[in-house]
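Me: Could we go through this one together, question by question? I would like to follow the reasoning behind each answer.

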Amino acid sequence: MPKVTTLDGSFESFAHETLLQGLERTGYQVEYQCRSGYCGTCRTKILSGKVSYPEPHMAVVAENEILPCCCKVETDIQIECRKRPVNKGNWMEASLAQRRKNNFRY
């Protein structure tokens, strides 16, 4: 399984998921709208590595950008992405964040 390294840590990407799904599973904050490569809202800078697109996307991306909503991780990659902030006063959000940290599947 390819490793995804971010500004806040790293995780392994599963073959069946898009990069966006892996980022969500592990508690990262990524803006998105369409989940199909149409709008480009999820554009993220890739610093190293390779991704692929099973289906053609419509959004325009620069050479150093990827669309996490519709790409699959092919090799170990490094991207510019941050973890979702946790509101320590909200026990439910803190509990979900801990589950994501431990890769709890629900």
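Reply: Gladly! A definition to start with: a residue is called buried under 20% relative accessible area, exposed over 50%, and partly exposed in between. Please keep in mind that this is a predicted model.

Me: Then is Arg35 buried, exposed or partly exposed?
Reply: Arg35 sits in the loop between strand E3 (28-29) and strand E4 (44-48). Its relative accessible area is 36%. Buried needs a value under 20% and exposed a value over 50%, so Arg35 counts as partly exposed.

Me: What is the phi of Arg35?
Reply: Most residues other than glycine have a negative phi. Arg35 is not a glycine, yet its phi is positive, at about 65°.

Me: Which residues does Cys39 contact, leaving aside its neighbours within four places in sequence?
Reply: Cys39 also belongs to the loop between E3 and E4. With a relative accessible area of 32%, Cys39 is partly exposed. A contact requires heavy atoms within 4.5 Å. Beyond its sequence neighbours, the partners of Cys39 are Gln33, Cys34 and Ala59.

Me: How are the strands of the open sheet ordered?
Reply: The sheet is made of 5 strands, and its pairing is mixed. Strand E2 (10-12) and strand E6 (65-66) each have a single partner strand, so they stand at the edges, with one side of each left without a neighbour in the sheet. The full order is E2-E1-E8-E4-E6.

Me: Which residue in E8 is the bridge partner of Thr5?
Reply: Strand E1 (residues 3-5) and strand E8 (residues 77-79) run parallel and are joined by 2 bridges. On the E8 side, the partner of Thr5 is Gln78.

Me: Where is Asp8, and which residues does Asp8 contact outside its neighbours within four places in sequence?
Reply: Asp8 lies in the loop between E1 and E2. Its relative accessible area of 34% makes Asp8 partly exposed. Although Asp8 and Arg82 are 74 residues apart in sequence, their C-alpha atoms are 5.8 Å apart. Leaving those neighbours aside, Asp8 touches Tyr28, Cys81, Arg82 and Lys83.

Me: What is the distance from the side chain of Asp8 to the backbone nitrogen of Lys83?
Reply: Lys83 is one of the residues in contact with Asp8. For a polar contact, the N or O atoms must be within 3.5 Å. The side chain of Asp8 reaches the backbone nitrogen of Lys83 at 2.6 Å.

Notes: Residues numbered from 1 in each chain as written. Predicted model: local features only at pLDDT ≥ 70, side-chain atom pairs only at ≥ 80, totals over all residues. Heavy atoms only, no water. Pairing = 2+ DSSP bridges. Buried < 20%, exposed > 50% of the residue type's maximum accessible area, 1.4 Å probe, protein only. Polar contact = N/O pair within 3.5 Å; in protein donor to acceptor, adjacent residues only side chain to side chain.
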